[in-house]
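Thanks for sharing this one. Here are some notes to read with the structure open beside you, in the order I happened to go through it.

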Amino acid sequence: MATFYLSTGVPLLKSDSTRVADRLASCRNVSDAFGIEAKSGRMYVQSKQIALIRCSRIAEKQDVASYKGSLDTDQDISNSTFDHQSNGFPLSRMKLTTKSRRKTKIVCTIGPSTSSREMIWKLAEMGMNVARLNMSHGDHSTHQKTIDLVKEYNAQFKDKVIAIMLDTKGPEVRSGDVPKPILLKDGQEFNFTIKRGVSTEDTVSVNYDDFINDVEVGDSVLVDGGMMSLTVKSKTNDLVKCVVVDGGELKSRRHLNVRGKSATLPSITDKDWDDIKFGVDNQVDFYAVSFVKDARVVHELKDYLKSCNADIHVIVKIESADSIPNLHSILSASDGAMVARGDLGAELPIEEVPLLQETIIKRCQSMQKPVIVATNMLESMIDHPTPTRAEVSDISIAVREGADAIMLSGETAHGKYPLKAVNVMHTVALRMESSLPVNSSTPNPLSVHKRHMGDMLAFHTTTMANTLKTPIIVFTRTGSMAVLLSHYRPFSTIFAFTDDDRIKQRLVLYHGVMPIYMQFSSDAEETFSRALELLLDKGHVVDGDHVTLVQSGAQPIWRKESIHHIQVRRILG
């Protein structure tokens, strides 16, 4: 026997004349094929306590290659090829076809451009996975209509779903109303006052009484994230005197930031609590909580949700300067994060934002929590039918860094080309995913032993699926195994079958997971057969394909607590 190393760093035993698939096909149980050495993380003869693998005969498949060529996914590109190398070993290669499934999820903000039934259906078919309700705009009756339409869509499909994310307004500092836009010229003096209702050529109100205390002489005040900027020269008890650095038109209710500082306002305002209750009443799937500064806010919200018996996950928006020193504790308390780059780039030096984005993504990956990259991803498509090349690169970087989801805001809320924006995001993400090497983000196998059995099974399921080029099927009541598999970033789709609608809706946010609702029977084989029939019927797999099936997780289904299964099966229609 020669020792054969995958790019994951995990060696498999392989005969000099036998392919990996043939080796698996000859196995009746794991002791014939795989084991793992506790100290080194290397595979050898497997212990029956770790797993039982029943393998069907795996036909040798044609080498599959990835794609060189046009971004146009309407083109038949199944015969185009490319190769990748990693750690000196040729990686599995893929076909990118019109049936290829995108793994990075898309969050779309619903607004005037997309709030109709027709547009929500079209957004879903174009690639929307999560509908975002921006509570900074609209009222409860408007958002209720969107929620009802999304639930109507979800009720029609077993294998399609849109999750609902309620995004709180948070403690925003804004300028007051002005009868007409005020033109600010570079070098002119301009003032902000905490007196209400003031609007003159050189002074406007702000809606925040402590604005006087929060700013100091020399601070930079940014309007709308930096579209205009002013420097503080002096202040009185009720007036902040500034000089315009970068001018422009000041309109009503413009967002104000002080560079390097966060407003001393509570992260969850009275309005936010009303909106949160609205979300509880409507059983939304996620809250995106604005301007989270510390973990206390997350704990407070989770305690409230627990008291309401509400199963809603909390996504923290990292967008304030104060959140960065507390990043670890905030992420630990949360169920996921959003990199909200707009206000983050206003409160911190803009050159820090790409580094913070990468850091937050890596932190979330290490904690097995979903992460969304948001703000300005296709901003130009609010008014134009095609994106800038820089915007395309921005999407590709987020995908390469491993974001679970990427988000559209104004592009779909009030933009002129919402469907085109979703299509651009879909095609760019799909193309970038096709170019990523298999196992590029698989963690060191030694770390698997520091966790529980589920992690170990997810790790080795991913290794097998990547080696054999098969999709993964998992049956779950809590979503835990699907989340673990997503963390290890298998190259193929994770078909997560669940008998809980709430779990189905939540799992759609996770990278690579395609949740499917199906009632489980008491007979495992009968349930497996129905799952494979559904996948065949919907065109997700074809007759003769192989699938990797895993049974493990927090709640055993058709198995004893101590038994964990990984199977490779051939689909026979």
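1. Let me start with glutamine 368. With a relative accessibility of 19%, glutamine 368 counts as buried, because the cut-off for that label is under 20%. Its place is in the loop between H9 and S20. Please look at the backbone there too: phi of glutamine 368 is near 60°, a positive value in a residue other than glycine. Do keep in mind that this is a predicted model.

2. Aspartate 224 makes a good companion case. Phi of aspartate 224 is near 50°, again positive in a residue that is not glycine. The loop that holds aspartate 224 runs between strand S12 (220–223) and S13. Is aspartate 224 buried or partly exposed? At 29% relative accessibility, aspartate 224 counts as partly exposed.

3. Now the helix that flanks the loop of glutamine 368. Helix H9 covers residues 353–366 and lies across three strands: S18 (313–318), S19 (336–340) and S20 (371–374). The angle between H9 and S20 is about 160°.

4. Those three strands belong to a barrel. Which strands make up the closed barrel? Eight strands do, in the order S6-S7-S8-S17-S18-S19-S20-S21, with parallel pairing. Neighbouring strands of this sheet are turned by 25° against each other on average, with direction ignored. For one pair in detail, take strand S6 (residues 105–109), which is joined to S7 in the parallel sense over three bridges. In that pairing, cysteine 108 stands opposite alanine 131 in S7.

5. Helix H3 deserves a slow look. H3 spans residues 140–155, and its 16 residues reach 22 Å from the first C-alpha to the last, close to the 22 Å expected at 1.5 Å a residue. Its buried residues are His143, Thr146, Ile147, Leu149, Val150, Tyr153 and Asn154. They cover an arc of only 165° around the axis, which puts them on the same side of H3. The general background is that an α-helix has 3.6 residues a turn, so residues three or four places apart point the same way. On the other side of H3, Ser141 and Ala155 are exposed.

6. What lies over the buried side of H3? The cover of its buried residues includes helix H2 (117–126), strand S7 (130–134), strand S8 (163–167), helix H5 (270–281) and helix H15 (501–507). As for its placement on the barrel strands, H3 lies across S7 and S8 and runs at about 170° to S7.

7. Threonine 146 is a handy residue for checking this by eye. Threonine 146 sits in helix H3 and counts as buried at 3% relative accessibility. Beyond its neighbours within four places in sequence, threonine 146 is in contact with Ile110, Ile120 and Leu133.

8. Another buried residue I would click on is methionine 425, in helix H12 (residues 418–435). Its relative accessibility is 0%, so methionine 425 counts as buried. Which residues does methionine 425 touch, not counting those up to four places away in sequence? They are Ile106, Met377, Leu378, Ile395, Ile406, Met407 and Leu408. The C-alpha atoms of methionine 425 and valine 392 are separated by 8.0 Å, with the two residues 33 apart along the chain.

9. For antiparallel pairing, turn to strand S14. Strand S10 (residues 189–193) is joined to S14 (residues 239–246) by five bridges, and the two run antiparallel. There, phenylalanine 192 stands opposite valine 240 in S14. Strand S13 (residues 228–235) also pairs with S14 in the antiparallel sense, over six bridges, and valine 232 stands opposite cysteine 242. S13 and S14 form a hairpin with three residues between them.

10. Finally, some totals for the whole protein. There are 16 helices and 26 strands, and of the 573 residues, 57% count as buried. Among contacts between residues at least 6 apart in sequence, 67% join residues at least 24 apart. The accessible surface comes to about 24,400 Å², and 49% of that belongs to carbon and sulfur atoms.

Methods:
Residues numbered from 1 in each chain as written. Predicted model: local features only at pLDDT ≥ 70, side-chain atom pairs only at ≥ 80, totals over all residues. Heavy atoms only, no water. Helix = DSSP H or I, 4+ residues; strand = E, 2+ residues; numbered from the N terminus. Expected span 1.5 Å × (residues − 1). Buried < 20%, exposed > 50% of the residue type's maximum accessible area, 1.4 Å probe, protein only. Arc of directions from axis to C-beta. Contact = heavy atoms within 4.5 Å. Pairing = 2+ DSSP bridges. Axes fitted to C-alpha atoms, helices over the stretch in contact; angles between N-to-C directions. Areas by Shrake-Rupley, 256 points an atom, 1.4 Å probe, with all protein chains shown as cover.
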